[in-house]
Amino acid sequence: MKAPVLYLVIPCYNEQEVLPRTAPMFLGKLRELTERGKISGDSRVLFVNDGSRDDTWRIITDLAAQDEHYQGICQSRNRGHQNAVLAGLMEVKDRCDITISIDCDGQDDIGAMDEMVDAYLDGCDIVYGVRSKRDTDTFFKRVTAEGFYKFLAAMGVEVVFNHADYRLMSSRVLREFANFKEVNLFLRGMVPLVGFKSTSVYYERHERLAGESHYPLKKMIALAFDGITSLSVKPIRLVFFFGLLVCVLSFIGILWSVIAALSGHTVAGWASTACIVCFMGGIQALFLGIIGEYIGKIYLEVKARPRYIISERTPGMERKDTEQRA
């Protein structure tokens, strides 16, 4: 069997501090797999610059000039981690047999790539990198992150527990994945929808090698909300059933009020009235917000704007005429 061509797809945003340290690690792993005959010598490391404001793109171009195994593409502006990963995957889907997407901060164990490639050679088209434990996280982050995956599952989103965006995908999965035209991206929930044979490999996540995380709590919450509203209609159904319950209770309350009035047992009081008004007002505002979020998603989808635009490429990543803009 011919050794597969592997592309490592690595999104980068303001990573000038960590990139010089992790880039040699990725290239070293590529060469190790090549020497062992697991992958082809034509395999590459692709960095996706997500509109960084520092020297990240300059570092990428310098790396590409030093070694042909380094390649890079630069987005025209910052579009977010998910769009950067997608850009890299779509740019290489016709150039490789398999891809492995991984963050450039050095936290994901690159040693897990050996098991990923072995699983592919055994017939798997998708291999998920799953954290075996979260000892490096703070208590708050560990609880919220694990609660996030459980909540997604409860909302009907098909996700792999404790899996982020460290995964192997074969070229045929990428070709099918290219047919998913969503503008609102939540890759860890979309990839399982493609199907094909899959498995998981487990690894321990390390501390970030340098620099600061670009995924604060605010972005994590936004990603979770996008994941739920982009892949599940269960919140809308919950709104319907809760509204139905309130209607039933209201009907019972009306009957009780009529019976109490006819029997002469009514008592004037503002507290109960105020509570009911506040409760109903809050519920209506919440439900309108949920529905509005879905309408906003529809608004973005129907415009069908490009999910990424590449402004620059290093040598070797020139756009092919057969490639289509995503």
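The face of helix H2 turned away from its buried side carries Ala65 and Gln66, both exposed (over 50% relative accessible area, 1.4 Å probe, protein chains only). Helices are DSSP runs of H or I with at least four residues, strands are E runs of at least two, and both are numbered from the N terminus. The model is predicted: local features need pLDDT of at least 70, side-chain atom pairs count only at pLDDT 80 or more, and totals for chains, interfaces and linings use all residues. Residues are numbered from 1 along each chain as its sequence is written, and side-chain values use heavy atoms, without hydrogens and water.

H2 spans residues 56-66. Its buried residues (under 20% relative accessible area; partly exposed lies in between) are Thr56, Trp57, Ile59, Ile60, Leu63 and Ala64. They sit on the same side of H2 because they cover an arc of only 160 degrees around the axis, taken from the directions from the helix axis to the C-beta atoms. These residues pack against strands S1 (6-12), S2 (44-49), S3 (70-75) and S8 (310-313), and against helix H1 (19-35).

The largest nonpolar core has 37 residues. Such a core is a set of buried Ala, Val, Leu, Ile, Met, Phe, Trp, Tyr and Cys residues joined through side-chain atoms within 4.5 Å. Leu8, Ile10, Phe26, Phe47 and Ile100 touch the most other members. Beyond its neighbours within four places in sequence, Phe26 is in contact (heavy atoms within 4.5 Å) with Leu8, Ile10, Val45, Phe47, Ile102, Asp103, Cys104 and Ile110. Another core, of 30 residues, lies apart from it and includes Ala87, Leu89, Met90 and Tyr128.

The protein chain holds 10 helices and eight strands. Of its 326 residues, 44% are buried.
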